[in-house]
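Reader: I have the sequence and the structure open, and I'd like to understand the labels used for it. Could you take me through the reasoning?

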Amino acid sequence: MAITRLMAPLLLSSFALGGCVAAAVGTAGAVGVAAVQDRTMGEAVDDASASNEIKAKLLSEGGYGEVDVEVSNGLALLSGRVSSPEMRVKAEDIAWSSTRVTDVANEIQIEAPGGFFANASDELITARVRSSLIAARDIKSVNFNIETYNGVVYLMGLARSDAELEAAAEKASLVGGVNRVVSYVRVRETPRRAGAVTRAPDDELLGGAVY
């Protein structure tokens, strides 16, 4: 997964001792990826910075060791599990506190801790979905971010067309262990033709599309 699970004891010490270094490395990696993605380096840096910021705040609160944070094109996706409704709401508030975030998708579940094996299974599904997208000639896989929680695959990123998004969702849904696919992918805008009808900006993200 592009943004790995928050491992509280290990990462907390990492942020405490070298948070700036970790953030710099993450940002540098984002710039490298942006070179082959259909987004600007500035957008990649903003997304990486927002992700680092949100993760650091969650870690400082404690109790968010099984929450994933993924930021793509200004959309912050929160997935994983927490132990109470109050923690779920607080995680969303923390995500919204980032000035680089324009939308928040809160997919956090209220459950008991899942443990290592549950998380490892999700990581394996993510790897399989990534491999499936890479193998597809009609999909620019680097434009898609993938998160998995409890067999539910979340797709984020920027598709070049509705057809590419549909193909990516279908490929993901066919991977073993996937219960369903939820898409928060945005479709890249195409040049407007005379008389064409366009969607209002507020219609762009009304919630994840389920496949």
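**Charged pairs and their labels**

Author: Gladly! This is a predicted model, and a good place to start is E61 and K90, which form a salt bridge with their closest N and O atoms 2.8 Å apart.

Reader: What makes the pair of E61 and K90 a tie between separate parts of the chain?

Author: E61 belongs to helix α2 and K90 to helix α3, so the bridge joins parts lying 29 residues apart in sequence.

Reader: Why is E61 called partly exposed?

Author: Its relative accessibility is 40%, and the label covers values between 20% and 50%, so E61 earns it. K90, at 38%, is partly exposed as well.

Reader: How do you know that R100 and D46 meet in a salt bridge?

Author: Their side chains come to 3.8 Å, N to O, and the cut-off is within 4 Å, so the pair qualifies. R100 sits in the loop between α3 and β3, while D46 is in helix α2, 54 residues apart.

Reader: And D103 with R186: why is R186 called buried?

Author: R186 has 11% relative accessibility, and buried means under 20%, so the label fits. D103, at 22%, counts as partly exposed. The two side chains meet in a salt bridge of 2.6 Å, N to O, linking strand β3 to strand β7 across 83 residues.

Reader: Which residues do salt bridges with shared partners join into one network?

Author: Those are D46, E53, K57 and R100. The count for the model comes to 8 salt bridges.

Conventions: Residues numbered from 1 in each chain as written. Predicted model: local features only at pLDDT ≥ 70, side-chain atom pairs only at ≥ 80, totals over all residues. Heavy atoms only, no water. Helix = DSSP H or I, 4+ residues; strand = E, 2+ residues; numbered from the N terminus. Buried < 20%, exposed > 50% of the residue type's maximum accessible area, 1.4 Å probe, protein only.
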